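Thanks for asking me to look this one over. Please have the sequence and the model open side by side as you read; my points follow below.

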Amino acid sequence: MNLRHLIPIFDNSVSNWALEARLLRWLIFIWLFVGLIMLFSASYPVADARHHDGLYYFKRQLLWVLVALFGFNTIVNSPLQKILGQSHWFLMVFLTLIFVTLIPGLGKKAFDAARWIAIGPIPIQPSELIKPFLVLQSARLFGQWERISWRVRCGWLVIFGLVLLGILAQPNLSTTALCGMTIWLIALAAGLPYKYLGGTALGGVMLAVLSISIKEYQRKRVMSFLNPWADATGDGYQLVQSLLAVGSGRTWGAGFGLSQQKLFYLPIQDTDFIFAVFAEEFGFVGSIVLLALLAIFATLGLVVALKAKNSVHRLVAIGVTILMVGQSLLHIGVATGSLPTTGLPLPLFSYGGNSMIASLIASALLIRVARESSEAEVVPLRKPTLSNGQKRRTFHKTRN
């Protein structure tokens with residue numbers, strides 16, 4: 001592999017890419033740039049208060065971006081078949097790490113949930129990193145559903161179930177729901193029988209209801225979502241402050257860097273509620289522009305899926321589109337009070353290296369599908385070279 005391909009600004013092969021691949025690449029870089037600018041604004045006050053350096057989180061995020069872009073360009077320039085062939089190993093590693101987070105003393109807790117493993121100074125969140133590989137393996141399974149045995153089918157369905165149960169046990173209901181919906185929609189796109197899909201959907205809903213019934217803090221979040229103003233200083237505090245931020249933005253916003261709610265009123269404003277800060281600073285117009293960006297990404301993703309000649313590649317494109325756009329809409333729904341309060345980051349916006357790596361790897365997979373769907377190896381046709389003896393025989397036949 002040409003090492004220059006691993007650095008975006010030196011990747012000269014981009015001019016030869018398909019139109020959809022080039023458009024997606026620029027769209028992702030615009031999304032990433034706006035996200036970094038927004039993180040700078042949202043994290044500055046809290047970083048200054050905690051670390052006496054307003055750029056603390058921003059600088060750390062830049063380091064994660066550099067690492068993620070290296071992986072991004074590696075995938076963009078690697079054959080998808082090779083990536084698919086290795087995806088199950090990554091899935092199994094991150095599945096193991098998900099269960100390691102549940103071991104007392106090994107899993108790091110935050111907000112009563114053990115979702116991280118500390119490897120030195122580096123926090124690893126396997127439930128984030130597993131997402132793109134879950135898409136790859138789901139596409140691989142359901143894209144070949146009719147050609148594989150029931151033993152293989154059941155084996156992978158059990159593994160998917162373990163992934164969801166492990167994430168739910170952390171507990172992380174929002175990520176469990178996102179991963180479950182992604183797998184289910186990939187199966188739907190693959191054309192699996194409705195009796196399987198209906199039973200799975202019913203089981204997922206029952207599992208979610210059971211989790212909410214058992215976990216008190218999840219139940220409180222749902223109840224506070226229904227009427228956050230009933231306990232505006234308690235369980236409904238996060239949502240109330242988020243709604244105040246969104247409403248304060250009005251039409252054009254307060255202006256970049258001028259959010260008032262990020263000044264220690266809105267909790268976790270640089271991760272789970274970063275859209276609220278964005279809406280306050282850029283208003284209704286800025287929010288519509290962001291939704292338009294998501295709509296363009298979704299449209300390009302569906303175009304890539306429709307053009308894909310391989311069924312597995314098509315499902316990869318659909319899965320990545322669902323993952324990126326679906327997670328973004330869920331985050332926005334939480335910040336605007338349309339959905340119960342959960343802990344989902346906004347892709348390419350929220351602070352966190354694991355989310356950044358997962359988002360850029362997923363985006364790279366979509367670009368790779370776009371490249372392979374529109375590129376074909378052209379074999380040059382050459383005239384056969386005749387030997388002297390063949391030339392003489394041809395000459396005599398022509399004279400006769």
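1. Let me start with helix H13, residues 353-374, whose 22 residues should span 32 Å at 1.5 Å a residue; the end C-alpha atoms are 32 Å apart, which agrees. The expected span here is 1.5 Å times one less than the number of residues. Helices (H or I, at least four residues) and strands (E, at least two) are DSSP runs, numbered from the N terminus. Of the 22 residues in H13, 20 are buried, so the helix is largely enclosed by the rest of the structure. Buried means under 20% relative accessible area, exposed over 50%, and partly exposed in between (1.4 Å probe, protein chains only).

2. A word on the ground rules. This is a predicted model, in which local features need pLDDT of at least 70 and side-chain atom pairs count only at pLDDT 80 or more, while totals for chains, interfaces and linings use all residues. Residues are numbered from 1 along each chain as its sequence is written, and side-chain values use heavy atoms, with hydrogens and water left out.

3. Now the overall picture. The protein chain has 14 helices and three strands, and its C-alpha atoms fill a box of roughly 105 × 50 × 40 Å along the principal axes. Buried residues account for 48% of the 400 residues. Among contacts (heavy atoms within 4.5 Å) with a separation of 6 or more, 72% join residues 24 or more positions apart.

4. On the surface and the charges: the accessible surface of the protein chain is about 20100 Å², and carbon and sulfur atoms hold 67% of that. These areas come from the Shrake-Rupley method with a 1.4 Å probe; for residues, only the protein chains shown count as cover. The chain carries 34 positive and 17 negative charges, and their mean positions lie 19 Å apart. Lys and Arg count as positive and Asp and Glu as negative, with His and the chain ends not counted; each charge is placed at NZ of Lys, CZ of Arg, CG of Asp or CD of Glu.

5. Helix H5 (residues 131-143) deserves a look. Its 13 residues reach 18 Å from first C-alpha to last, close to the 18 Å expected at 1.5 Å a residue. Twelve of the 13 are buried, so H5 is largely enclosed by the rest of the structure. What do the buried residues of H5 pack against? Their partners are helix H3 (80-100), helix H4 (126-129), helix H6 (150-169), helix H7 (173-190), helix H12 (311-335) and H13.

6. Within H5, Leu134 makes a good place to zoom in. Leu134 counts as buried because its relative accessibility is 4%. Not counting residues up to four places away in sequence, Leu134 touches Leu91, Phe160, Val163, Cys179 and Ile183. Leu134 and Ile183 are 49 residues apart along the chain, with their C-alpha atoms separated by 7.7 Å.

7. If you are thinking about cysteines, here is the count: zero disulfides, where a disulfide is a pair of cysteine sulfur atoms within 2.5 Å. Cys179 is buried because its relative accessibility is 1%, whereas Cys154, at 39%, is partly exposed.

8. The loop between helix H10 (237-248) and helix H11 (274-307) holds Gly253. Gly253 counts as partly exposed, at 28% relative accessibility. Leaving aside neighbours within four places in sequence, Gly253 is in contact with Glu280, Glu281, Phe282 and Gly283. Gly253 and Phe282 are 29 residues apart in sequence and 4.1 Å apart in space, C-alpha to C-alpha.

9. Please check some backbone details too. Phe264, in the loop between H10 and H11, has a positive phi of about 70° although it is not a glycine; at 55% relative accessibility, Phe264 counts as exposed. Ile268, also placed in the loop between H10 and H11, has a positive phi near 40°. Elsewhere, the peptide bond from Gln170 to Pro171 is cis, with omega near -5°, and Pro171 sits in the loop between H6 and H7.

10. Finally, Ser287 of helix H11: this residue is buried, with a relative accessible area of 11%. Outside the neighbours within four places in sequence, Ser287 is in contact with Phe275, Phe278 and Ala279. Ser287 and Ala370 are 83 residues apart in sequence and 28 Å apart in space, C-alpha to C-alpha.
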